[in-house]
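Biologist: Please take one part of this model under close examination, beginning with its backbone geometry, and then relate it to the remainder of the chain. A connected account would be preferable to a list.

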Amino acid sequence: MPSWNEQLRQSSLWVFTLPPIGLDTAYMSRSQCGGTTDTLPATYHYHEATGKHAVGDPAEDIPAFLRRELSLGSLVGMLRHLWFASAKRPAVPLHRHLAMGREIVVVGRMDLHLLWTNDGKLFVKPIPRFLLDLAFCQANLQCPIACSCDNLAAICRTSPRKVALGFLYTYACLISSESDFHVANEKRLLPCDKDDKPIKWTNWKALAKELLRMHERDPSTIHPRFLRAELRLSRINTIHRLTNIPRFNPYLRSRYNYGSLFGENLAWMATTAVFVALVLTAMQVGLATERLQSNTTFLQVSYGFTVFAILGPVCAFGLVVLDVLFHLVKDLPLLLGRQRTRRERRHTMSSTSPEGAA
Ligand SMILES: [Zn+2]
């Protein structure tokens, strides 16, 4: 198999430069596919229908692997609300993200690619090796000739192909200059060749040009999610909360324990308390003046705000405690399950150990 630099130099993008193939090679056995599984990752993580965390071998079931690897998760259901999280525009080059003080955080999930947080993190998914493997993409991301491109058809690969092309298109925008290319290689966002050599700049330029031409020719070739490049995570969380009633869950939690959940909520409560204190002080000064002492409207507003200032913090704190309890109850089966598994594992180990056997 030629190296990627070789492939990129020859004619680059698989979708346009090569005719679609007629055989449904994704369903062939590994040996029939030749060496195309060489570029797949060692393992991949996913959640089963029951919610159980599992690790699989990508080469064993390539369509299942691609479905998960190129999945946009719940973002698909939020497409028409994404205007709230970002305008329609191409991705900003990597060096400008760094200039804005953002830290590039490498993620594996496609749906987290180009989400940014208020505390200056930009999630970026590196380009997986297999997306630059001509033979693999031909075999697994192009529709067979017989496909009518009906999204419900099992053989249709339009959706994963659009995600893959949209993802690659964001990279054509992210890596614009040689300095972006340097940053991308430094962060290992671009795969290395099989002899661990990085992609050459001239080859990257050729691929980026092809991706731009593809987008100019027909923007519908890429998945609509990628028409809005960077998405603000806090807004995505808001959309997710409002469209997932009554579960009211954020899209991605930034906290990992109950202590940080308290801390996160106490931060906004402290800010609100400062504003309330300022208003109360101003009202107190107002009540000391003769003109406002006789103003009925001001007295009524002061009365209402004072009651709010007393009850507000109590209610807000109560809601935070309820939120923590709600998450605790929700996580309980998972925590108990984990404990049981650990106990079972310990029991199995002790029964298989020489002491246990004796
Ligand atoms: Zn199709």
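Modeller: In this predicted model, the hairpin of S1 and S2 has five residues between its strands, and Gly51 takes a positive phi near 95 degrees there. The two strands, S1 at residues 44–47 and S2 at residues 53–56, run antiparallel and are joined by four bridges. One of the pairings can be named: Tyr44 has Gly56 of S2 as its bridge partner.

The hairpin belongs to a chain with 13 helices and six strands. Of its 358 residues, 23% count as buried. Among contacts between residues at least 6 apart in sequence, 64% join residues at least 24 apart.

The burial can be followed into the largest nonpolar core, which has 53 residues; Leu115, Leu168, Tyr169 and Ile175 are those with the most contacts inside it. At least two residues of this core come from each of the helices H3 (62–69), H5 (134–141), H6 (158–174), H7 (178–186), H8 (201–217) and H9 (233–243), and likewise from each of the strands S4 (115–116) and S5 (121–124). H6 gives the largest share, ten residues. In soluble globular proteins, nonpolar side chains tend to be buried together.

Leu115 leads from the core to H9. Beyond its neighbours within four places in sequence, Leu115 is in contact with Phe123, Leu231, Leu233 and Ile236. Leu233 and Ile236 are also among the buried residues of H9, together with Ile239 and His240. These buried residues lie on the same side of H9 because they cover an arc of only 120 degrees around the axis. Their packing partners are S4 and strand S6 (231–232).

H7 can be described in a similar manner. Its buried residues are Asp180, Phe181 and Ala184. They cover an arc of only 100 degrees around the axis, and therefore sit on the same side of H7. An α-helix has 3.6 residues a turn, so residues three or four places apart point the same way. The buried residues of H7 pack against helix H4 (94–99), H6 and H8, whereas Glu178 and Glu186 are exposed on the face turned away from the buried side. Just after H7, the backbone at Arg188 takes a positive phi of about 60 degrees.

Further along the chain, an unreviewed UniProt entry places the feature "transmembrane region" at residues 266–287 and 307–329. Over residues 307–329 the model is 100% helix and 0% strand, with the end C-alpha atoms 33 Å apart.

Confidence must be weighed as well. The protein chain averages a pLDDT of 79, and 77% of the residues score at least 70. Over residues 8–12 pLDDT stays under 50, and the model has ten contacts beyond four places in sequence for them. Residues 15–35 also stay under 50, with 28 such contacts. Where pLDDT is low, the predicted coordinates should not be read in detail.

How values were computed: Residues numbered from 1 in each chain as written. Predicted model: local features only at pLDDT ≥ 70, side-chain atom pairs only at ≥ 80, totals over all residues. UniProt positions renumbered as here; feature names shortened; annotations may be inferred. pLDDT = per-residue confidence, 0-100. Contact = placed C-beta atoms within 7 Å. Core = buried A, V, L, I, M, F, W, Y, C linked by C-beta atoms within 7 Å. Buried ≥ 20, exposed ≤ 12 C-beta atoms within 10 Å, placed from the backbone. Arc of directions from axis to C-beta. Pairing = 2+ DSSP bridges.
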